[in-house]
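The following questions and answers go through one protein model, from strand pairing to pockets and single residues.

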Amino acid sequence: MSIGEMLAATVPMVRTLNLEYLETTPERAVLALPDQGDFHNHIGGPHAGAMFTLAESASGAIVLAAFGDQLSRAVPLAVSAEIAYKKVALGPVTATATLGRPIADVVAELDEGRRPEFPVAVAITREDGAVTGEMTVVWTLRPNG
């Protein structure tokens with residue numbers, strides 16, 4: 001089962017918004033939010049909450065891709081998120097997430113018994129490539145026990 005399939009099966013908001021997992025690797029996660037009238041805002045584009053969920057979901061997908069092998073000893077948790085809406089988004093939008101720290105550095109902190117934090121940057125784009133939003137989600141790996 002792919003990360004996208006797993007998240008679609010276990011996270012109701014992913015199914016509600018019909019998010020599409022286009023790419024999920026430790027280097028990059030790309031998710032799409034189709035254009036759906038039920039999730040439009042007052043100007044006919046995707047609602048800010050839907051775009052937030054898209055971007056946060058992309059950040060979670062890359063975290064699982066990068067640190068899935070650590071799940072037996074730590075739980076990934078979002079610590080904080082900040083989003084900036086840059087341009088009007090109309091039609092389908094795509095979120096592309098990238099890790100802000102090397103995987104090995106985060107795992108080394110976990111090995112030392114610490115609770116590492118790391119940022120994930122997400123760009124939200126329209127079909128024409130224009131960046132409509134940017135989000136940073138700070139994640140942690142909370143050691144079990």
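Two strands are taken to pair if DSSP finds at least two bridges between them. The model discussed here is predicted.

Q: How many residues lie between strand 1 and strand 2 in the hairpin they form?
A: Strand 1 covers residues 20-24, and 4 bridges join it to strand 2 in an antiparallel arrangement. One of the facing pairs is Thr24 opposite Ala29 of strand 2. The number of residues between the two strands of this hairpin is 4.

Q: Which residue in strand 4 stands opposite Leu33?
A: Strand 2 runs antiparallel to strand 4, and 5 bridges join the two. Leu33 belongs to the set that points one way from strand 2, together with Ala29 and Leu31. Opposite Leu33 in strand 4 stands Val93.

Q: Are the residues of strand 2 that point either way buried or exposed?
A: Ala29, Leu31 and Leu33 point one way, while Val30 and Ala32 point the other way. The strand is mostly covered, with 5 of its 5 residues below the cut-off of 20% relative accessible area. On both sides, then, the residues are buried.

Q: Which residues make up the uncovered face of strand 4?
A: Strand 4 has two faces, one covered and one uncovered. Val93, Ala95, Ala97 and Leu99 form the covered face. The uncovered face consists of Thr94, Thr96 and Thr98.

Q: What is the bridge partner of Thr96 in strand 5?
A: Strand 4 and strand 5 run antiparallel and are joined by 7 bridges. Thr96 sits on the uncovered face of strand 4. In strand 5 its bridge partner is Ala123.

Q: Which element gives the most residues to the largest nonpolar core?
A: This core has 35 residues, and those with the most contacts inside it are Leu54, Phe67, Phe118, Val120 and Val122. The elements giving two or more residues to the core are strand 2, helix 3, strand 4, helix 4 (103-111), strand 5 and strand 6 (131-143). With 11 residues, the element that gives the most is helix 3.

Q: Which residues does Val122 contact, leaving aside neighbours within four places in sequence?
A: Val122 is among the residues with the most contacts inside the largest nonpolar core. For contacts of any kind, the cut-off is heavy atoms within 4.5 Å. By that cut-off the partners of Val122 are Ala55, Ala58, Ser59, Ala95, Thr96, Ala97, Gly133, Glu134 and Met135.

Q: Which helix gives the largest share of the lining of the largest pocket?
A: The largest pocket has a volume of about 160 Å³. Its lining includes Leu7, Tyr21, Glu56, Ser57, Pro76 and Trp139, and by class it divides into 9 nonpolar, 2 polar and 1 charged residues. The largest share, 6 residues, comes from helix 3 (residues 48-67).

Q: How many charged residues are in the lining of the largest cavity?
A: The count of cavities of 30 Å³ or more comes to 1, and the largest cavity holds about 40 Å³ of space. Leu33, Pro34, Asp35, Gln36, Phe39, His40, Pro46 and Gly91 line the largest cavity. By class this lining has 4 nonpolar and 3 polar residues, and the number of charged residues is 1.

Q: Why does Ser72 count as exposed?
A: Ser72 is placed in the loop between helix 3 and strand 3 (74-85). The cut-off for an exposed residue is over 50% relative accessible area. Ser72 counts as exposed because its relative accessibility is 68%.

Q: What distance separates the C-alpha atoms of Glu117 and Thr140?
A: Glu117 lies in strand 5 and is partly exposed, with a relative accessible area of 43%. Leaving out residues up to four places away in sequence, Glu117 touches Val79, Arg101, Glu109, Val138, Trp139 and Thr140. Although Glu117 and Thr140 are 23 residues apart along the chain, their C-alpha atoms are separated by 4.3 Å.

Q: What value is phi of Asn18 near?
A: Asn18 is in the loop between helix 2 (12-16) and strand 1, and Asn18 is partly exposed at 41% relative accessible area. Most residues other than glycine have a negative phi. Asn18 has a positive phi, near 60°.

Notes
Residues numbered from 1 in each chain as written. Predicted model: local features only at pLDDT ≥ 70, side-chain atom pairs only at ≥ 80, totals over all residues. Heavy atoms only, no water. 1 Å grid on protein atoms, 1.4 Å probe; cavity = no way out; pocket = protein on both sides within 12 Å on 5 of 7 lines; lining within 4 Å. Points joined across faces, edges and corners; volume = space filled by probe spheres on them. Nonpolar A, V, L, I, M, F, W, Y, C, P; charged D, E, K, R; others polar. Core = buried A, V, L, I, M, F, W, Y, C linked by side-chain atoms within 4.5 Å. Buried < 20%, exposed > 50% of the residue type's maximum accessible area, 1.4 Å probe, protein only.
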